Amino acid sequence: MHDLRPQLLHGQWFRQLPTKVQDSLLALARTRELAPGQCLFQRGDAPCGLYAVLDGAMRVGAVSSEGKEALLTLVEAPYWFGEISLFDGQPRTHDAFAEGATRLLWLPQAPLLEWLAREPQHWRELALLMSHKLRWVFVALEQQSLLAAAPRVAHRLLQIAEGYGERDIAQWRLQLSQEQLALMLSLSRQTINQILRNLEQSGVLRLGYGEVEIVDAPRLRAMAQHPG
């Protein structure tokens, strides 16, 4: 698994871990391959461990009993997820499906907990991963209440491009459909389309089939910071 270290070091959380901790996690890890649309886990499933995206992307959300989907996020490498159930031992809170062919790094629950029982001081490193997600949730809730639709769209595009604060180098070509963005932000498909078209006409974005390319990041950042 040590050949995966350079790829994981592109992520802020793993890079900041002590080398000894990185070694221990890699020693526990194995890889998992998912086909497009394949389910990794669903809400209510028992905890199965911690994951990092190596290639491809994961769609995280939930579906109501009426069949309505709530898409929380779409994450790419080197994003880590699954830490909540590691801490509380409770069932999974959401569904996770592969968005296209996807390869994951997997730290199984039992050996990871055994390692933490032997080295309890390293729970703090896992807590930092979870606290980063919690900060993001608070920001998203604030935006939902205070920001108009266009700034919310701009901010979420930047978050996805930067791996929600996890990636070193922003990925400016996003494999993201308008339907997915609408689900993430609880906005209508028509509203998303109009906002993206306006941004394209002003030279901020370039739209393709199931794709959004950020052309002018500074202007998009300025828009994301504007409440109106």
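A nonpolar core is taken here as a set of buried Ala, Val, Leu, Ile, Met, Phe, Trp, Tyr and Cys residues joined through side-chain atoms within 4.5 Å. I note at the outset that the model is predicted.

**Entry 1. Nonpolar cores**

I looked up the largest nonpolar core, which holds 41 residues. The members that touch the most other members are L40, M58, F81, V153, L157, L205 and L220. Helix 7 (residues 149–161) supplies the largest share of this core, six residues. I also recorded a second, separate core of 21 residues, with L8, V21, A52 and L126 among them.

I then examined L40 individually. Leaving aside residues up to four places away in sequence, L40 touches R32, L34, Y51, M58, F81, A96 and L104.

**Entry 2. Helix 7 against helix 9**

Two packed helices are described by the angle between their axes and the distance between the axes. For helix 7 and helix 9, I found an angle of about 75 degrees and axes 10 Å apart. Angles of 65 to 115 degrees count as roughly perpendicular, and helix 7 and helix 9 are therefore roughly perpendicular to each other. On the helix 7 side, the contact is made by A149, A150, V153 and L157; on the helix 9 side, T191, I192, I195 and L196 take part. By class, I entered seven nonpolar residues, one polar and no charged ones for this contact. V153 and L157 of helix 7 were already listed among the residues with the most core neighbours.

**Entry 3. Helix 8 and the loop after it**

I asked which residues of helix 8 are buried. They are Q178, Q180, L181, A182, M184 and L185. Because six of its eight residues are buried, helix 8 is largely enclosed by the rest of the structure. I traced the packing partners of these buried residues to strand 5 (69–76), helix 6 (123–146), helix 7, helix 9 and strand 10.

S186 follows helix 8 and lies in the loop between helix 8 and helix 9. Its phi is near 55 degrees, a positive value in a residue other than glycine. Is S186 buried or exposed? S186 counts as exposed, at 59% relative accessibility.

S188 lies in the loop between helix 8 (178–185) and helix 9 (189–201). With a relative accessible area of 33%, S188 is partly exposed. I checked its separation from Q178, ten residues apart along the chain, and found 9.6 Å between the C-alpha atoms.

**Entry 4. The sheet 2-7-4-5**

I recorded an open sheet of four strands, in the order 2-7-4-5, with antiparallel pairing. Strand 2 (39–41) and strand 5 are at the edges and have a single partner strand each, so one side of each is left without a neighbour in the sheet. On average, neighbouring strands of this sheet are turned by 30 degrees against each other, direction ignored. Within it, strand 4 (residues 57–63) and strand 7 (residues 95–98) run antiparallel and are joined by four bridges. I noted that R59 stands opposite F97 in strand 7.

**Entry 5. The sheet 1-8-3-6**

I recorded another open sheet, in which four strands take the order 1-8-3-6 with antiparallel pairing. Its edges are strand 1 (30–34) and strand 6 (80–81), each with a single partner strand, so one side of each is left without a neighbour in the sheet. Strand 3 (residues 49–55) pairs with strand 6 in the antiparallel sense over two bridges, and A52 stands opposite W80 in strand 6. Helix 5 (residues 109–118) packs on the sheet and touches strand 3 and strand 8 (102–108). The direction of helix 5 makes about 45 degrees with that of strand 8.

I also inspected the loop between strand 5 and strand 6, where P78 is placed. A cis peptide bond joins A77 and P78, with omega about 0 degrees.

**Entry 6. Strand 11 and its partners**

I asked which residues lie on each side of strand 11 (residues 211–214). E211 and E213 are on one side, V212 and I214 on the other, and all are buried; both faces are thus covered.

Strand 10 (residues 205–208) runs antiparallel to strand 11, and four bridges join them. L207 has V212 as its bridge partner in strand 11. Strand 10 and strand 11 form a hairpin with two residues between them, and G210 in the turn has a positive phi of about 65 degrees. Strand 9 (residues 173–174) also pairs with strand 11, antiparallel and over two bridges. There, the bridge partner of R173 is E213.

Key:
Residues are numbered from 1 along each chain as its sequence is written. This is a predicted model: local features need pLDDT of at least 70, side-chain atom pairs count only at pLDDT 80 or more; totals for chains, interfaces and linings use all residues. Side-chain values use heavy atoms; hydrogens and water are left out. Buried means under 20% relative accessible area, exposed over 50%, partly exposed in between (1.4 Å probe, protein chains only). Two strands pair if DSSP finds at least two bridges between them. Contact means heavy atoms within 4.5 Å. Axes are lines fitted to C-alpha atoms, for helices over the stretch in contact, and angles run from 0 to 180 degrees between N-to-C directions. Angles under 35 degrees count as roughly parallel, over 145 as roughly antiparallel, 65 to 115 as roughly perpendicular and the rest as oblique. Ala, Val, Leu, Ile, Met, Phe, Trp, Tyr, Cys and Pro count as nonpolar, Asp, Glu, Lys and Arg as charged, and the others, Gly among them, as polar.
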